[in-house]
Amino acid sequence: MTPSTALLKERFKAQPENLKNIRDSLCTLLKNKGFNKDYSSDVVLAVDEACQNIIRHAYQFDEEGVIDLAVYLANNELSIELIDFASPVDPKCCDPKPRKNLSPGGLGTIFMNQLMDSVAYECPPPKGVGNKLVMTKSINSKD
């Protein structure tokens with residue numbers, strides 16, 4: 001269930017040079033809402049990793065790609081939605097690799113799953129959308 005009021009809704013071109021803008025928008029929002037630095041850093045890192053995956057894997061650096069970022073707050077939980085319009089991915093791609101098989105690449109899903117309470121693709125995605133990734137993190141006294 002998505003809360004009705006978004007704290008942030010922005011669209012970004014899915015290009016590596018826009019990752020800083022995504023991080024900055026999120027940092028500013030979280031700071032203005034009073035979240036502490038550790039909580040904010042966790043959320044920003046998870047979103048950055050997810051956006052890198054969208055750029056690299058979903059869009060394969062296609063210059064026409066966009067990422068819609070939305071942030072919601074409800075029921076003592078922060079919810080981040082990332083929507084792309086690329087080909088749908090296998091939702092199991094969010095499952096982190098077993099630690100014994102670690103190699104360069106694929107660490108982002110481990111970070112995302114460790115930093116957030118939940119990380120999941122909405123299946124099927126909404127009509128007209130390629131993929132919708134939803135990540136949540138509970139709030140304990142504004143962490």
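**Entry 1. Charged surface**

I began with the surface of this predicted model and looked up its negative charges. I found a negative patch formed by Glu 17, Asp 62, Glu 63 and Glu 64. I then located Glu 17, which sits in the loop that runs between strand S1 (6-13) and helix H1 (19-32). I noted a relative accessible area of 57% for Glu 17; because exposed means over 50%, I recorded this residue as exposed.

**Entry 2. Overall layout**

I next listed the secondary structure. The protein has three helices and five strands. Read from the N terminus, I wrote their order as β-α-α-β-β-α-β-β. I also looked up burial for the whole protein: of its 143 residues, 43% are buried.

**Entry 3. Nonpolar core**

I turned to the interior and asked which residues have the most contacts inside the largest nonpolar core. This core has 36 residues, and I recorded Leu 26, Val 43, Val 47, Leu 69, Ile 80, Leu 82 and Met 135 as those with the most contacts inside it. I then traced the core to its elements: at least two residues each come from S1, H1, helix H2 (37-58), strand S2 (66-74), strand S3 (77-84), helix H3 (107-115), strand S4 (118-121) and strand S5 (131-138). Among these elements, H2 gives the most, with 10 residues.

**Entry 4. Phe 12**

I looked up Phe 12 and found it in strand S1. Is Phe 12 buried or exposed? Its relative accessible area is 7%, and since buried means under 20%, I entered Phe 12 as buried. I also computed its separation from Ile 22: the two C-alpha atoms are 7.5 Å apart in space, while the residues are 10 apart in sequence.

**Entry 5. Lys 37**

I placed Lys 37 in helix H2. With a relative accessible area of 69%, Lys 37 is exposed. I recorded a C-alpha to C-alpha distance of 9.1 Å between Lys 37 and Cys 27, which are 10 residues apart in sequence.

**Entry 6. Backbone in the loop between H2 and S2**

I then checked backbone angles. Gln 60 is not a glycine, yet its phi is positive, at about 50°. I located Gln 60 in the loop between H2 and S2, and at 61% relative accessibility I counted Gln 60 as exposed.

Phe 61 also has a positive phi, near 65°, and is likewise a residue other than glycine. I found Phe 61 in the loop between H2 and S2. Where does Phe 61 stand in terms of exposure? Its relative accessible area is 42%, so I entered Phe 61 as partly exposed, the class between under 20% and over 50%.

**Entry 7. A cis peptide bond**

I looked up the peptide bond that joins Cys 123 and Pro 124 and recorded it as cis, with omega about -10°. The proline of this pair, Pro 124, is in the loop between S4 and S5.

**Entry 8. Nonpolar surface**

I returned to the surface and asked which residues make a nonpolar patch of about 220 Å². I identified them as Leu 45, Leu 107 and Phe 111. Of these, I followed up Phe 111, which lies in helix H3. Phe 111 counts as partly exposed, at 34% relative accessibility.

Conventions:
Residues are numbered from 1 along each chain as its sequence is written. This is a predicted model: local features need pLDDT of at least 70, side-chain atom pairs count only at pLDDT 80 or more; totals for chains, interfaces and linings use all residues. Side-chain values use heavy atoms; hydrogens and water are left out. Patches are made of residues with over 30% relative accessible area and no salt bridge: like charges are joined within 9 Å, nonpolar side chains (Val, Leu, Ile, Met, Phe, Trp, Tyr) within 5 Å. Accessible areas come from the Shrake-Rupley method with a 1.4 Å probe; for residues, only the protein chains shown count as cover. A salt bridge is a side-chain nitrogen of Lys or Arg within 4 Å of a carboxyl oxygen of Asp or Glu. Lys and Arg count as positive and Asp and Glu as negative; His and the chain ends are not counted. The place of a charge is taken as NZ of Lys, CZ of Arg, CG of Asp or CD of Glu. Helices (H or I, at least four residues) and strands (E, at least two) are DSSP runs, numbered from the N terminus. Buried means under 20% relative accessible area, exposed over 50%, partly exposed in between (1.4 Å probe, protein chains only). A nonpolar core is a set of buried Ala, Val, Leu, Ile, Met, Phe, Trp, Tyr and Cys residues joined through side-chain atoms within 4.5 Å.
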